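The exercises below are meant for a reader who is meeting this structure for the first time. Each one sets a task and then works through a solution step by step.

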Amino acid sequence: MGGKPAGEEAYGQPLKHDPSFRGPIKSRGCTDVICCVLFLLFLLGYAALGVVAWLYGDPRQVLYPRNSTGAYCGLGANKEKPYLLYFNIFSCILATNIIAVAEQGLRCPTPQVCVSSCPAALWAVSQGDLSRTVGEVFYAANRTVCLPGVPRDMPVLQSLERELCPGFLLPSAPVLGRCFPSPNSSQFEFPGISGNTSIDQGISGLLDSLNARDISVKIFEDLAQSWYWILVALGVALVLSLLFLLLLRLVAGPLVLVLILGVLAVLAYGIYHCWKEYQLLRDKGASITQLGFTTNLGAYRSVQETWLVALIVLAVLEGILLLMLVFLRQRIRIAIALLKEASRAVGQMMSTVFYPLVTFVLLLVCIAYWAMTALCLATSGQPQYVFWAPNASLPGCEAAPLNASCDPMAPPANSSCPGLVCAFQGYLSTGPVQRSLFNLQIYGVLGLFWTLNWVLALGQCVLAGAFASFYWAFHKPRDIPTFPLSAAFLRTLRYHTGSLAFGALILTLVQMVRVILEYIDHKLRVAQNPVARCIMCCFKCCLWCLEKFIKFLNRNAYIMIAIYGKNFCVSARDAFMLLMRNIVRVVVLDKVTDLLLLFGKLLVVGGVGVLSFFFFTGRLVGLGKDFESAPLNYYWLPILISVVGAYVIASGFFSVFGMCVDTLFLCFLEDLERNDGSAARPYFMSKALLQILGKKNDAPPGAKRKKP
């Protein structure tokens, strides 16, 4: 059953028969209470963090554009002026780092003003307008594009020198609340602007040569015309996933055999191809001694030693796989039988298939709450305004109070410095929230990871409780409890919130360390220190392996919690010992299940992708006008959405199936150790598993289980 006695003692004694055991224990108590209290206190602090962020934050700076005085367009006094106009879009050429521009709210180093509508035609101040007043040139022509408070009797020349009014207007359209001109290659000559500067260059500094308006409009048009066909594609993915799981009880054996033979055939072809390449290069005399050492890895394809090594590796893998088929065929049959039993369990409890929707909604809530909290924290603080000039080296700017605090609502400063304005600089960091901003953001990230891991742990424990109820039902489906999924959900929330929080916290701490290492690695890339990079890579690899192991251990610990109701540490120890006593069966089942689910995902995603490609490209003919896709600007967009959606749906369905297989496997191992097939200790496993193991129950089929 589990190997030699010495091995059994090393990993604990086999479980003894418990006559009172009838599946998931109903009479249980709360576990890991201390961790439950800590988790609830942490959630209270997380909620308080959200309240503080909402009170002190100002997310409007992301949602609404802001003019040079810091006022928001479309709000308050500018309610009728929802768009932001840039005086000199060409100044954006200096903003070559689009990431930095995005962090600053798409602001350019030029005066900006809120307007009711974007300019529709090209206009520029003429030579004769320079001697006229602002009221005559701008206000009389209904051009309300000057900064607030500019007097009507101010000469136009003076307003242009101080950059209180724009010297030109370009035909533009609103994008993200900003007036952006249409990019083109035309050259325009304006006062103070280089003749080699084009409109396209100005916008490139802000949006990196991206015509965001045209692309976004076309994308929305495509989605509006194809959304219902995308839903049909997702429905096809749902049906294919469900059919694949339900039909596994009929085709699991042949399908696994075909997949294994397919892997053998691929390896065999690889061996043949490597041998032919090796022969060809050997006859040419191409050797690695002639090539020497080079950093061009592609050059090694032209030497015979490369293909010889690949041939040896593939031959070893082929031999190992053949030996596994010969000596582990019995365990492969057990794995196939468990897959069939899992398909049967999913068919008996169809509600489990749709439980990932609950998990998905909870994950969305956690992510949305963190995103809003982080956004409000990042925008907390009082706005700060300072004097700013476009060119501080001009005559008259020597005594200008540059970078000094100012009041944006005060009248324009009477200064000889051209273009001196009171501009928004940022948000003050002197408040209690701002001084602790970094620590609060770290607390938010910790809350994000912990809540996400707890939601995933809840889903695993609930599904494990439902599927364990199926296995430990002696007469299936008659003895399966009513509403097993709901009962498992309520039982888990009532008794094991602390245990789930404990396991989620361990995983969260490892993930936080990985995030810190990623940050350090990002900083070290600038130094280009190969030794430090190598050490960092080793640390990251070790932590990745540790995270995978903790996820595996947590998953099996949650299964034991769902069955026995013990605390996290005891459940993790019992699950680990049970698996180590049956390590060969664990490896075989894990690989067979992974291979089968991988094939299922490829089948669903590939099928939906191929159908979407032929449909949206118009290659499916003869379906009638009602079943034809409308012409699209980007036919790849609905195809991509359909493929990604199909993968998400298939992953959700198959995650339920994978949890079912793991739960039934642990129950199967315990069944072997607890029972012997006698009338007093009958096996709970299916007849197919009994036949494979050469065992049987003494109690005749249909007989009631003898009470102790």
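A residue is called buried when its relative accessible area is under 20%, exposed when that value is over 50%, and partly exposed in between. The model shown here is a predicted one, and by this rule 43% of the 708 residues of the protein chain count as buried.

**Exercise 1. The chain as a whole**

Task: State how many helices and strands the protein chain has, and describe its accessible surface and its contacts.

Solution: Begin with the secondary structure, where the protein chain has 21 helices and eight strands. Next, turn to the accessible surface, which comes to about 37,000 Å², with 66% of that area belonging to carbon and sulfur atoms. Finally, consider the contacts between residues with a separation of 6 or more in the protein chain, of which 73% are made by residues 24 or more positions apart.

**Exercise 2. The disulfides**

Task: Find the disulfides, place their cysteines in the chain, and decide for each link whether it is left-handed or right-handed.

Solution: The cut-off needed here is that two cysteine sulfur atoms lie within 2.5 Å of each other, and by this rule there are three disulfides.

Step one takes the pair Cys73 and Cys114, which are joined with an S to S distance of 2.0 Å. Cys73 lies in the loop between helix H3 (60-63) and strand S1 (83-86), while Cys114 belongs to strand S2 (residues 112-115), so this disulfide ties together parts that are 41 residues apart in sequence. The angle about the S-S bond is -80°, and the link of Cys73 and Cys114 is left-handed. Both Cys73 and Cys114 are buried.

Step two takes Cys118 and Cys179, whose sulfur atoms are 2.1 Å apart. Here distant parts of the chain are linked, since Cys118 sits in the loop between S2 and strand S3 (123-124) and Cys179 sits in strand S6 (residues 178-181), 61 residues apart. Because the torsion about the S-S bond of Cys118 and Cys179 is about -85°, this disulfide is left-handed. Cys118 counts as buried because its relative accessibility is 13%, and Cys179 is buried with a relative accessible area of 3%.

Step three takes Cys146 and Cys165, joined with an S to S distance of 2.0 Å. Cys146 is in the loop between helix H5 (134-139) and helix H6 (156-161), and Cys165 is in the loop between H6 and strand S4 (168-169), 19 residues apart. The torsion about the S-S bond of Cys146 and Cys165 is about 115°, and therefore the disulfide is right-handed. Cys146 counts as buried at 8% relative accessibility, as does Cys165 with a relative accessible area of 3%.

**Exercise 3. A hairpin and its second strand**

Task: Describe how strand S5 and strand S6 pair, and say which residues of S6 lie on each side.

Solution: Strand S5 (residues 172-175) pairs with S6 in the antiparallel sense, over four bridges, and within this arrangement Ser172 stands opposite Pro181 in S6. The two strands S5 and S6 form a hairpin with two residues between them, and Leu176 in the turn has a positive phi of about 60°.

To sort the residues of S6, use a general rule. In a regular strand the side chains alternate between the two faces of the sheet. In S6, Arg178 and Phe180 are on one side and Cys179 and Pro181 on the other, and all of them are buried, so that both faces are covered.

**Exercise 4. A nonpolar patch on the surface**

Task: Which residues form the nonpolar patch on the surface, and which helix gives the largest share of the patch?

Solution: List the members first: Leu238, Val239, Leu243, Leu247, Leu250, Val251, Phe354 and Leu357 make up the patch, with about 700 Å² of accessible area together. Then assign them to helices, and the largest share, six residues, turns out to come from helix H8 (residues 212-284). Leu357, in contrast, is found in helix H12 (residues 355-378), and Leu357 counts as exposed because its relative accessibility is 54%.

**Exercise 5. The surroundings of one serine**

Task: Is Ser469 buried or exposed, and which residues does Ser469 touch?

Solution: Ser469 lies in helix H14 (residues 437-471). Its relative accessibility is 9%, so Ser469 counts as buried. Leaving aside residues up to four places away in sequence, Ser469 touches Pro24, Pro481 and Pro484.

Technical notes:
Residues numbered from 1 in each chain as written. Predicted model: local features only at pLDDT ≥ 70, side-chain atom pairs only at ≥ 80, totals over all residues. Heavy atoms only, no water. Patch = residues over 30% accessible without salt bridge, like charges linked within 9 Å, V, L, I, M, F, W, Y side chains within 5 Å. Areas by Shrake-Rupley, 256 points an atom, 1.4 Å probe, with all protein chains shown as cover. Salt bridge = Lys/Arg side-chain N within 4 Å of Asp/Glu carboxyl O. Buried < 20%, exposed > 50% of the residue type's maximum accessible area, 1.4 Å probe, protein only. Contact = heavy atoms within 4.5 Å. Pairing = 2+ DSSP bridges.
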